[in-house]
Amino acid sequence: MAPPSGDNDAGNNDHLVQSDDPDHPANLIPSLCAKFWTLGWVTGTGGGASIREADLVYIAPSGVQKELMRPSDIYVLSLAAQAKSLDKRSRVYLRSPPQYKPSQCTPLFLAAFTKRRAGCCIHTHSHWAVLVTLILEKGGPGYDREFRINNIEQIKGFGRGFEKSGNLGYHDTLRIPVIENTAHEEDLTEFLEEAMDKYPDTYAVLVRRHGVYVWGENVHKAKTQCESLDYLFQLAVEMKRLNLPWMTDIEPTVPT
């Protein structure tokens with residue numbers, strides 16, 4: 001008999017989330033989410049994070065207050081087993097906590113792991129991210145599908161793109177695609193994947209009136225890019241209040 005969530009459970013396997021190593025994914029996800037809660041990124045039970053370690057994917061559950069999450073609350077699944085599943089909406093978990101439901105963010109996290117070989121994906125409900133999508137929406141069709149900003153130092157916090165070396169520079173333009181929200185989070189998956197295909201160098205996708213998904217090669221890079229992006233979103237909102245443009249044409253300053 002299948003568990004109430006409708007997903008398959010291959011057994012308890014509590015050993016997968018038990019470790020004294022603070023950098024073990026089952027310990028790191030609660031630690032990160034507690035930090036994100038202080039930033040207002042995972043208010044209520046919204047938002048979350050997932051870490052991939054080789055074939056294993058560790059995922060924060062649905063319905064838990066993120067600042068109170070424990071390692072025993074973490075779900076674990078196998079990417080290889082998921083790839084073999086004929087029903088992509090049904091997931092085979094190697095380890096499931098008894099008291100929660102799987103996160104509806106799961107297929108979006110998996111998209112970052114399979115299409116970008118990411119090591120970590122973070123989903124926030126940052127109000128700065130939401131405000132940026134609303135500002136873009138006010139611009140009307142043709143101006144509402146992409147966030148662009150250049151000539152800001154914090155842009156250097158982003159890599160140049162998937163399988164590319166180095167980071168963006170001060171004068172480069174950061175482009176983040178925007179997709180429309182859906183009533184059910186997992187229904188965002190195909191739109192997120194389309195945005196990833198259209199923007200092969202992006203490390204993030206904004207969701208209108210909802211939040212943002214950010215990924216990176218590892219936890220450090222995903223966290224750094226998420227923090228840099230939230231800084232830029234806040235800056236963009238303040239710039240808009242002051243009628244300052246996000247895109248500027250500045251001549252590079254070079255030493256004599």
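Visitor: Is R95 buried or exposed?
Guide: Keep in mind that we're looking at a predicted model. The relative accessibility of R95 comes out at 4%, and the cut-off for buried is under 20%. So R95 counts as buried.

Visitor: Which residue does R95 meet in a salt bridge?
Guide: R95 sits in strand β5 (residues 92–95), and its partner is in the loop between β1 and α1, 81 residues apart. The side chains meet with an N to O distance of 3.0 Å. That partner is D14.

Visitor: And how does D14 count, buried, partly exposed or exposed?
Guide: Its relative accessibility is 27%. Buried would need under 20% and exposed over 50%. Because 27% falls in between, D14 counts as partly exposed.

Visitor: What is the distance between the closest N and O atoms of R208 and D144?
Guide: R208 lies in the loop between β9 (204–207) and β10 (211–216), while D144 lies in the loop between α4 (127–138) and β7, so this pair ties together parts that are 64 residues apart in sequence. Both R208 and D144 are buried. Their salt bridge has its closest N and O atoms 3.5 Å apart.

Visitor: Which residues are linked in a network of salt bridges with D144 and R208?
Guide: The R208 and D144 pair is a salt bridge in its own right. The network links that pair with one Arg and one Glu, namely R145 and E180.

Visitor: Which residue forms a salt bridge with E217?
Guide: E217 is at 54% relative accessibility, so it counts as exposed. Its partner is at 38%, which makes that one partly exposed. The closest N and O atoms are 3.1 Å apart, and the partner is K221.

Visitor: How many salt bridges does the count come to?
Guide: The rule asks for a side-chain nitrogen of Lys or Arg within 4 Å of a carboxyl oxygen of Asp or Glu. R95 with D14 is one of the pairs, and E217 with K221 is another. The count comes to 16.

Visitor: Which residues form the negative surface patch?
Guide: Take D21 as a way in: it's in the loop between β1 (8–9) and α1 (25–38). D21 is partly exposed, with a relative accessible area of 39%, and patch residues need over 30%. The patch is formed by D20, D21, D23 and E53.

Visitor: Which residue does the UniProt "active site" annotation cover?
Guide: The annotation comes from an unreviewed entry. The residue lies in the loop between β7 (146–150) and β8 (173–179). At 46% relative accessibility it counts as partly exposed. It's E153.

Key. Residues are numbered from 1 along each chain as its sequence is written. This is a predicted model: local features need pLDDT of at least 70, side-chain atom pairs count only at pLDDT 80 or more; totals for chains, interfaces and linings use all residues. Side-chain values use heavy atoms; hydrogens and water are left out. Patches are made of residues with over 30% relative accessible area and no salt bridge: like charges are joined within 9 Å, nonpolar side chains (Val, Leu, Ile, Met, Phe, Trp, Tyr) within 5 Å. Accessible areas come from the Shrake-Rupley method with a 1.4 Å probe; for residues, only the protein chains shown count as cover. Lys and Arg count as positive and Asp and Glu as negative; His and the chain ends are not counted. The place of a charge is taken as NZ of Lys, CZ of Arg, CG of Asp or CD of Glu. Helices (H or I, at least four residues) and strands (E, at least two) are DSSP runs, numbered from the N terminus. Buried means under 20% relative accessible area, exposed over 50%, partly exposed in between (1.4 Å probe, protein chains only). UniProt positions are given in the numbering used here, feature names are shortened, and annotations may be inferred rather than shown by experiment.
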